[in-house]
Amino acid sequence: MIAWILFHLFVFPGMLFTGVLGLLVGWLDRKVSAWFQFRVGPPILQNFNDFFKLLGKETIIVKNAVKPVFIVAPLAGFAVLTLIATIIGLALFYNEGFAGDMFVVMYLTMTFSVMVILGGSSTGNVYSSIGAGREMKLLLADELAFILVFLVPIVKSGYHIQFDQILQYQQLNGAVIGSPSGIIAFIVGILCIQAKMTLPPFHIPEAETEIVEGPFMEYSGPLLAFWKLDHYMMYVIFPFLLVILFMGGFNLTGIGILWAVLKYLAIVVVMIIIKNTNPRIRIDTALNFFWKYASPLAFIGVILAVLGV
Amino acid sequence: MQINDLTLLVSVPIVVAIVNLFLPVILRKILNFLALIYLLVLNIQILQAGMGTVVLFGQTIMQVDALSAFISLFIQILSFIILIFALKGVDKSIEKAFLVLYPLTVGFCNGVVFSTNSISLLIFWGLTGITLYLFALLGNTSDTPNSAKKTMIIVGGSDVFLILGLILVWFMNPIGSWQLFGEAIPLKGLMAYIAFFGLLIAAFAKAGSFPLHSWVPDFSKDSPVESAAFLPASLDKLLGIYLLARIVLSIFKLTTVMHLVIITLGALTVIIAVMMAMIQHNGRKLLGYHAVSQVGYMIMGVGSGSVIALIGGLFHLLNNTIYKSNLFLALGSVEKKTGTNNLEQMGGLGTKMPLTFLFALIGALAISGIPPFNGFFSKWMIYQGMLELAKNASPGYKIWLLICLVLAVFGSALTLASFMKFIHAIFLGRRPENLDNIEEAPANQWISTGILAVLCIVFGLWAMQLPIKQFILPVVNEYGLAIPDMLGYYNPILILLLFGSVLLLGLIIYWSIRKVRYDEIYLGGMEALEHFRVMGTEFYKEIRNMSPLKAIYNGAEKKYFDVYDVSSKCSFSITRFFKAIHNGQLQLYNLWIVLGVLILLWVVL
């Protein structure tokens, strides 16, 4: 039993699987982005090279930083994402409810942002602190819509909050995305995960050209490698989450495998397209967008779901 | 009246307080400490025995049941832990008075919790209000008199409603005695509603819920920090929510609409208070607003009518007393070292006060509902209760309940936001140069916050096995409520173990390959000057300035939404009118007399 749990956690669908798939999808992101800009793009294993090279580099730590927080934050972020990946992956691949339900995952995703904020602000660097503040505001912006997005499958499935029950409901009654409320929630959901992953146009906390990677500015060496890996792991976690909540999960037999890959890639490609066609917006614009447009839209989705549409 | 454990629980602290009046400070501390240990032992005995009564003049005054036993247990636990903090470091000028008021408050609170008789409940309730006022007067800021007055008027004024409610309950009581908690009265007719709302106002004012919350932030800002952790953060919460639980469980049988009204008030409390907390620049005021906002969850849980949510609400009450007093005390430690509670003047203390930082961080994560700490567990149960209610409601109620649920969940994201600001402003970010020589707080202070932090973790990991099973399920059983199945699934220990093993792996990897160099902050080659310091207080300026929130915030800062200010303005304008017509001129008085006679004639004829 323990060996089995550890296998899930460290190999599949947890750390190793999510990490490797994340780095590969990260390559896809870089390649497609390159095509958008008429460049060639990196070779397929570039992200792996980057990661291992960073592991071998020197770690520079600010003298006055709160060192334990500075060091633990990226590793804790990595642990949180691995945990989410395991919970979501077990639901998706094994149809198994494990360790936590939707509220737990919702709060764990917030925990990752907490790690970014704590890590960033532990250094005392002005850019990091500004970035940390923006990370928090961005979380507030997308969280309201994100909660409403979560509610749609909950309401649709008859108030179940466990992933396996939501999948079960969809296997019997068709995917949530097949209904008007599901479509609305799915669209808002894509925007939310774009913000949760701080991808353009919501890369406000990092804003390379403005505040120099924000919270990650003082990071280098292995710790930076973990932050980068964390970022790529989210390319797996959040699309999988949407697949569970709205697309009825994966059916990994015969032609189902092709469908599974297509479902996943469809979400990733939409995200990459949004990423490459939008400039960065200001944080107040993001707040306004999510609170005044996206959340009411998602709320309409919830009302429709309550009415059974 | 015979002497038993129950009478001792009330009388011992009162006697200690009286004896303390004549002792030197050091003996007062020792006596308080010993008395609280004794009370703790007594209370555990009472909890285990589960019975005990006090009879006076042939009337049952006090009685033990599951709810009162566990609430009073937490009164003793919290009082004991906060007393450890107060052993060293209380302002010398107020220390003597503080050590007299402290056991007095404990005794009165015990009296409230065990009273089953309207009159004794009322007396003890009023006395706790008076000690609250006296604690408020111990502050040493320029606003202290105003805050104390405000506290007295809101909390004391709500006692009027309590009296009204209790008298009406006596009228409606089928047995016609002053015994409360007999048979629940159905909520039918005007009298029942007036009585219900009277009692509700008293509970809300004590717990500090919207719209009677405004004394909590002011009290927190201006009174001594120990008393802020002691009363509004823990004991008053316990009393207020205790009364609310009695109202909804024993005194009245609520209708669905009334449950919904209470849930809505709870959700509004959560969101309004947390929005105010976010923009505060004063650390104590920030925590004070959170003390209000957390009440919202408890009210939602206890008043909802769902058993899962009831368990969650009572559990949240315990959790809140633990982490909120932890945070107040941690801020108190910092304040005593730096001499300020203004968040703008602090920063980077995490390296100087590592233990205080660690415990405050645990408290902050717990209050924000980060798994696996205790705050998440109780919130998670309350959310499930809301969903369970929504499941069986009609579509209109469904949407209403879901809105309340969304507000509550979003409220906890906002809580996280304001605590990230709090932690950043005090412990992280850049340290101002004048704080370079700060040292860790004295041992008694970090032991006190440390115990509370450990409780946060223990109650989070073994929530089902320890607090819920030991304290809350007996209450549910006593009221004959069926314990329902959970909707969700959450295993905190597993989550912590998995998280910990991955974190450990990461640390091992980092440790084995690290090559560390220490350097200054990098600012693109510029010198890192003091004015490049980001204060966490500015984090949410965009939200403050967003329309339409800006107008609301401006209104709130002018106190347009403060019941106390609005009603005092109303009463002042009425007195101004009377002042204007009493100007001392004989002709005018004659005119009034003539007018009065005319009106009298018109009425009589």
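Domain bounds here come from an automatic or database domain assignment. The structure is a predicted model, and the tour begins with the domains of chain B.

**Stop 1: domains of chain B**

Select residues 255–506 of chain B for domain 1 and residues 566–604 for domain 2, as the domain assignment gives them. The C-alpha centres of domain 1 and domain 2 of chain B are 53 Å apart.

**Stop 2: a helix pair in chain B**

Next select helix α13 (residues 354–367) and helix α16 (residues 443–461) of chain B; their axes are 9 Å apart and the helices pack at an angle of about 35°. The crossing of α13(B) and α16(B) is left-handed. On the α13(B) side, show B:Leu355, B:Thr356, B:Phe359, B:Ile362, B:Gly363 and B:Ala366, which make the contact. From α16(B), the contacting residues include B:Trp446, B:Ala453, B:Cys456 and B:Ile457. Colour this contact by class and there are 8 nonpolar residues, 5 polar residues and no charged ones.

From α13, move to the loop that leads to α14 of chain B, where B:Pro372 is found. The peptide bond from B:Pro371 to B:Pro372 is cis, and its omega is near 5°.

**Stop 3: the interface of chains A and B**

Show both chains. The contact between them takes 71 residues from chain A and 62 residues from chain B. On the side of chain B that touches chain A, α14 (374–391), α15 (395–426), α18 (492–513), β5 (516–519) and α19 (541–544) each supply at least two residues. Select α15(B) to see the element that gives the most to this side, with 13 residues. By class, the side of chain B that touches chain A has 42 nonpolar, 10 polar and 10 charged residues.

Then select β5(B) together with strand β1 (residues 59–62) of chain A: the two strands run parallel and are joined by 4 bridges. To find one such pairing, label A:Val62, whose bridge partner in β5(B) is B:Asp519.

**Stop 4: a hairpin in chain B**

Go to strand β1 (residues 53–56) and strand β2 (residues 59–63) of chain B, which run antiparallel with 4 bridges between them. B:Val54 has B:Met62 as its bridge partner in β2(B). The two strands β1(B) and β2(B) form a hairpin with 2 residues between them. In the turn, B:Phe57 has a positive phi of about 50°.

**Stop 5: backbone exceptions in chain A**

Most residues other than glycine have a negative phi, and most peptide bonds are trans. The next selections depart from one or the other pattern.

Select A:Phe38, in the loop between α2 (15–36) and α3 (46–55) of chain A. The phi of A:Phe38 is positive, near 55°. Is A:Phe38 buried or exposed? A:Phe38 is exposed, because 6 other C-beta atoms lie within 10 Å, and the cut-off for exposed is 12 or fewer.

Move on to A:Asn95, in the loop between α4 (67–94) and α5 (102–121) of chain A. A:Asn95 also has a positive phi, near 55°. A:Asn95 has 14 C-beta neighbours inside 10 Å and therefore counts as partly exposed.

Finish at A:Pro201, in the loop between α8 (180–196) and α9 (208–211) of chain A. The peptide bond that joins A:Pro200 and A:Pro201 is cis, with omega about 5°.

Definitions and conventions: Residues numbered from 1 in each chain as written. Chains lettered and ligands numbered in written order. Predicted model: local features only at pLDDT ≥ 70, side-chain atom pairs only at ≥ 80, totals over all residues. Contact = placed C-beta atoms within 7 Å. Nonpolar A, V, L, I, M, F, W, Y, C, P; charged D, E, K, R; others polar. Pairing = 2+ DSSP bridges. Axes fitted to C-alpha atoms, helices over the stretch in contact; angles between N-to-C directions. Left-handed = near helix turned anticlockwise from the far one by under 90°. Buried ≥ 20, exposed ≤ 12 C-beta atoms within 10 Å, placed from the backbone.
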